[in-house]
Amino acid sequence: TGFVTLDSGYMNTGACTSAITFLDGEVGILKYRGYSIEEIAEKSSFLESSYLVFYGKLPTAAELKAFEERIASFDDVPEGIKTQIKAFPKDAHPMAVLSSNMVSLSAFYHDLCAQDLTPAQKDTAIAQLMGQLKVVAAYAYRHSQGKEFVKSDKSLDYCSDFIHMMTGDKNVNKDVAKALDILLILHVDHEQNCSTSSVRMVGSSKANIFATISAGVDALWGPLHGGANQAVLEMLEEIKQSGKGYEAFLAEVKDKNSNSRLMGFGHRVYKNFDPRAKIIKVACDKVLTTLGVKDPLLDIAKGLEEVALKDEYFVSRKLYPNVDFYSGIIYRALGIPTNMFTVMFAMGRLPGWMAQWKEMVEQPGFKICRPRQIYTGDTKNTYKDIKSR
Ligand code: CMC
């Protein structure tokens, strides 16, 4: 019964209406709540753009201050979470630590696990998750280094505090904090991507907000999605170490039997430059110059990009650098280790996930997500006793 059309990979399936993020992939336009990403990246802050996507409007000065203070008030996690982080092997991937501890928070905050949250509880949820994701991420890193956790300092802004909690140094370079803030802004939301759709899918069963966000973290981890930022850096390292020329490397990528891809290139929606990649490339040059960092991987990335953009394979398929192509080089210059890159993406995307979840549960006619299929298996089998199979 019912009519089923097939669209594997959701190439052309709209599952919701949304007023959060506008994306025109043919032209390369991205807007949060109608404001262009270029303007937001230049003039706003990560917390202000988080407020914007979640509440649907730019905050007044008082609203922003209250939001920042509320987030900063969630400056620690329960003892059980700290014990759990310490129980992980030191070489655990920080995305594993992040995902499992985000869902574990549900064991400690029963009121936020209610089926339907009140507006006040939603206000708490966004502030608490943004505060505590930062704490879990920093603690995961400290544990991987065999170092004691560093307590959050409320007097620092969000990004400076995160860097302080990673390094233990309160004198955070302003340029470093600003660069991180811009990177997080660029990741805030990107409409119905894989992790956001996972958040909507899981949240649609009315799973609690911690479980719902943990699902977003898991989907993000994959190398075709947020995990690409780590994969790009590893690819550039490999090119550097092997001394392979760009053409030789690209020949491997173009070979359909090789199963390898030019990581940080291509996008489901952008068939033109990813506007975030443009901003990041400029920021990358600026950050490295300001910090006096010379990174041979930046030269390799630029060289690869130049050759790829002239290559018929990439041109005909409209494959351009995406947000992940240059972001890792900035994270590296800021002193953030490669396996933390996708955690940084999660930190940036959290407000988008929260906004999309809120929009979904508040929409009239909200329903559990439940796709259909076209069944291709047997229909006429009869059970055979195990002895006669
Ligand atoms: N390197 C080489 N070939 C590619 C690449 C690439 N990075 N991306 C796409 N192609 C080819 C693909 O092989 C296919 O060729 P053909 O038509 O001959 O079969 C064609 O381009 C279309 O690709 P697709 O896989 O059908 O496109 P998609 O929309 O399903 O996939 C993508 C989008 C982002 C998963 C893909 O471009 C990719 O794997 N890129 C590398 C991973 C990456 O950088 N991911 C980050 C995405 S942006 C940030 C985020 O979402 O987190």
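## Histidine 267

Histidine 267 sits in the loop that links helix H12 (246–254) to helix H13 (275–291). The structure described here is a predicted model. Histidine 267 is classed as partly exposed because its relative accessibility is 23%, and the buried class requires a value under 20%.

When neighbours within four places in sequence are set aside, the contacts of histidine 267 are His190 and Arg276. A polar atom of the histidine 267 side chain also lies 3.2 Å from the backbone nitrogen of tyrosine 270.

## Annotated active site

The UniProt record, an unreviewed entry, assigns the feature "active site" to His267 and Asp324. These positions are spread over 58 residues of sequence, yet they cluster in space, with a largest C-alpha distance of 10.6 Å.

## Aspartate 324

Aspartate 324 belongs to helix H16, which covers residues 324–333. With a relative accessibility of 4%, aspartate 324 falls under the 20% limit and therefore counts as buried.

Beyond the neighbours within four places in sequence, aspartate 324 is in contact with two histidines, His187 and His225. Its other contacts under the same exclusion are Gly226, Ala228, Asn229, Val232, Gly264 and Phe345.

## Ligand environment

The ligand is surrounded by 22 residues, and the closest are His225, Lys256, Arg261, Leu262 and Arg268. Sorted by class, this shell comprises 11 nonpolar, 6 polar and 5 charged residues. His225 thus has a place in two parts of this description: it is listed among the closest residues to the ligand, and it is in contact with aspartate 324.

Polar atoms of the protein approach the ligand at several points. The side chain of histidine 225 places an N or O atom 2.7 Å from an oxygen atom of the ligand. For lysine 256, a polar side-chain atom lies 2.7 Å from a ligand oxygen atom. Leucine 224 takes part through its backbone, where a polar atom is 2.8 Å from a nitrogen atom of the ligand. Taken alone, the ligand exposes 930 Å², of which the protein buries 76%.

## Packing of helix H9

Which residues of helix H9 (residues 194–203) are buried? They are Ser195, Thr196, Ser198, Val199, Arg200 and Gly203. The buried residues of H9 pack against two other helices, H10 (209–221) and H17 (341–362).

Key: Residues numbered from 1 in each chain as written. Predicted model: local features only at pLDDT ≥ 70, side-chain atom pairs only at ≥ 80, totals over all residues. Heavy atoms only, no water. UniProt positions renumbered as here; feature names shortened; annotations may be inferred. Helix = DSSP H or I, 4+ residues; strand = E, 2+ residues; numbered from the N terminus. Buried < 20%, exposed > 50% of the residue type's maximum accessible area, 1.4 Å probe, protein only. Contact = heavy atoms within 4.5 Å. Polar contact = N/O pair within 3.5 Å; in protein donor to acceptor, adjacent residues only side chain to side chain. Near = heavy atom within 4 Å. Areas by Shrake-Rupley, 256 points an atom, 1.4 Å probe, with all protein chains shown as cover. Nonpolar A, V, L, I, M, F, W, Y, C, P; charged D, E, K, R; others polar.
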